[in-house]
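Let us walk through this model together, from the fold of one chain to the way two copies are related.

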Number of protein chains: 4
Amino acid sequence: MVKKDKPKYKQIVDAAVIVIAENGYHQAQVSKIAKQAGVADGTIYLYFKNKEDILISVFQEKMGMFVSKLEEILSRDIKASEKLGLMIESHFSLLANDVHLAIVTQLELRQSNTEIRVRINGVLREYLILMDKILVSGMENGEFDKTMDIRLARQMVFGTMDETITTWVMNDHKYDLVELAPKVHRLLMKGMRT
Amino acid sequence: MVKKDKPKYKQIVDAAVIVIAENGYHQAQVSKIAKQAGVADGTIYLYFKNKEDILISVFQEKMGMFVSKLEEILSRDIKASEKLGLMIESHFSLLANDVHLAIVTQLELRQSNTEIRVRINGVLREYLILMDKILVSGMENGEFDKTMDIRLARQMVFGTMDETITTWVMNDHKYDLVELAPKVHRLLMKGMRT
Amino acid sequence: MVKKDKPKYKQIVDAAVIVIAENGYHQAQVSKIAKQAGVADGTIYLYFKNKEDILISVFQEKMGMFVSKLEEILSRDIKASEKLGLMIESHFSLLANDVHLAIVTQLELRQSNTEIRVRINGVLREYLILMDKILVSGMENGEFDKTMDIRLARQMVFGTMDETITTWVMNDHKYDLVELAPKVHRLLMKGMRT
Amino acid sequence: MVKKDKPKYKQIVDAAVIVIAENGYHQAQVSKIAKQAGVADGTIYLYFKNKEDILISVFQEKMGMFVSKLEEILSRDIKASEKLGLMIESHFSLLANDVHLAIVTQLELRQSNTEIRVRINGVLREYLILMDKILVSGMENGEFDKTMDIRLARQMVFGTMDETITTWVMNDHKYDLVELAPKVHRLLMKGMRT
DNA sequence: AATGAATGAGTATTCATTCAT
DNA sequence: TATGAATGAATACTCATTCAT
């Protein structure tokens, strides 16, 4: 059993999400995270190399949910358009159901220093690669415009989703994010379809 | 003559952009900005309330350029679609011509704490309101889809632009950003037109 | 059978010498000593009260070799001057043959806090008392200057030996220490003889 | 006026000597030194690069006194033997008159890590070089034994002085150190003279 | 207006020691 | 006996801001 599988590892990661969401990135001291996790400060360092390592782990662990979900969607035998719709909906849904996580990924974690953000982008890349697969398959089977610049299309999809979620978080999630998913899907589809 | 019109005010704002772009947000100490501006540390505080105030002023001053340009575009007697195209092009163009500023607005300033970013969003709102005007006029005159959710449309436009610029900055601006403007315009138009 | 006679006691003391010599006093953590000794961290505390106790034990155990040797020399039926010569030679010889030990006693153990060093001096006293016996017997039988201040004489003998060994250790023991013994002996004898 | 000449520099160095002597090396926190010096913690760092830098400066500043005194003695037109006597006496005298300093140089500073001690040894070398000059001139003019190993002789002189002072400090300086100077001188001279 | 020396609050990390198994 | 996971106290250094000159 490796460290990641031990219960305290998950305890600490989850505690970090809560502490960062509630206190903000710059006020998320290691001692606060330890207290929230119900362990001693020193225990943190049995599971994580340093504070930076906690933050990256938060992103890795949580982003893993998105990637898994997306892989599952990709494996289905449905149209690319439908896959895109499911991706948007499940992405919105996961964050709408965990407001703490939404705050952390959309606002707080972006305050980390450039080095951490570069490593976070590495984790993100996996997600974007899967997104590209949907776009490519849709272009190949004629659902999406074959002449589309794939990078621009992906930037539109991801940029729109990101901006939509961030706006929702910044407005204190006072409206229903998941409800917006089909509308976003329709808007993006119109831009991309043949 | 108010403080903003005094030469040192501008000196300090410009120094801040350079220092942040070259050293990163977290390494942009007040003393470095003072040195770059050629003034004493204490002098900064004759023109700015605190460090936070410098950062917001950077955004205000520079965002002003974008707003002025956009107002000029809005005043022209051309189609909404053309206005959108010009907005994208001039936005990309201004940042492509000032890489320091692009780094600061797309990467570094986002590392500031949530409070500063909320205030920066306040500054940004002016720009977004003008953007909305283009969208509304386009919807009214039938150029754009009348059934479109205006907020979603704006999030798509802004999100796509933002993501495109950020990707360009993160890739060390090794390709031509301005060249992408018409492509982005076309993609967005397809999504929004009637 | 007391603790000191158990095999693990010696294992741990020897491990401490190696770890301190190779890593330096300040990098000789209990966990490293435990690992080197092939026991668990907690096991250390079955044999030693605390870390300080290990360090003093190192000195006690090793200093024992010097004391035994010196007792043996004292028991011989030879002149005080010869005893002094043998003491110097065997002292130099023991350290020259265990460079780890030399590093530990001359450099590393002196970095310990004042309290430990006071206790180490207690251990050292036994050795100095034997040294005094040589000096006193030499003064009594007319070999050494009867008017000599015994304490000063001992400080000269010990100070010279110590300084000579420390210089040798600090120069990475690149010359032969034992070879210096007769020279040191001659120099000291000249200072002390009638 | 460089930093070393500013009053606060000396204030801090002197405060460090007192704090280290009274609390021990490992309990001499920067904040304690600052408090003793009557400055803020941060002020320390306007004059010293880091804590290590304070400690080395203590030794440099104070050792400077010994070196100056020794240079003055060397410049006199007297016999080498007399120079040696004056050196011992003034060395003992300076430390006897500043017990804090004696504690720091003989006990506390030796607890510093190897890197600091290497740098301290560099400072010490200057003193030893001057000491060598006395020995060499004495050997050349026939006062001292021409066949003497110069390094051993220096180790005897320095080792005896060091051991004598350390013993005095460890015995809580309850006897008169300066009074021992002529005796130490006589003992050493006997060992070295022709 | 301008200076810049001085301030002092705030925090990640290590490691000797314990104790349930 | 032996283990090793868990503990938690303790500290150097940075840098935004002030204020006497």
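The paragraphs below take up the fold, the surface and the symmetry in turn.

This is a predicted model, in which local features need pLDDT of at least 70, side-chain atom pairs count only at pLDDT 80 or more, and totals for chains, interfaces and linings use all residues. Residues are numbered from 1 along each chain as its sequence is written, and chains are lettered from A in the order in which they are written, while side-chain values use heavy atoms, without hydrogens and water.

Start with chain A, which has 9 helices and 0 strands (DSSP runs of H or I with at least four residues, and of E with at least two). For its 194 residues, a compact globule would have a radius of gyration near 16 Å, and the 18 Å of chain A agrees with that (taken over C-alpha atoms; the rule is 2.2 Å times the number of residues to the power 0.38). Along the principal axes, the C-alpha atoms occupy a box of roughly 60 × 40 × 30 Å.

Inside chain A, 54% of the 194 residues are buried, meaning under 20% relative accessible area with a 1.4 Å probe, protein chains only. Of the contacts in chain A with a separation of 6 or more, 71% join residues 24 or more positions apart; a contact means heavy atoms within 4.5 Å.

Now bring in the second copy. A turn of 178 degrees and a shift of 0.3 Å along the axis lay chain A on chain B with an RMSD of 0.4 Å, superposed by least squares on C-alpha atoms of residues with pLDDT of at least 70 in both. That is the relation of a two-fold axis. Both copies use the same surface, as 97% of the contact residues of chain A recur in chain B.

Definitions and conventions
Buried < 20%, exposed > 50% of the residue type's maximum accessible area, 1.4 Å probe, protein only.
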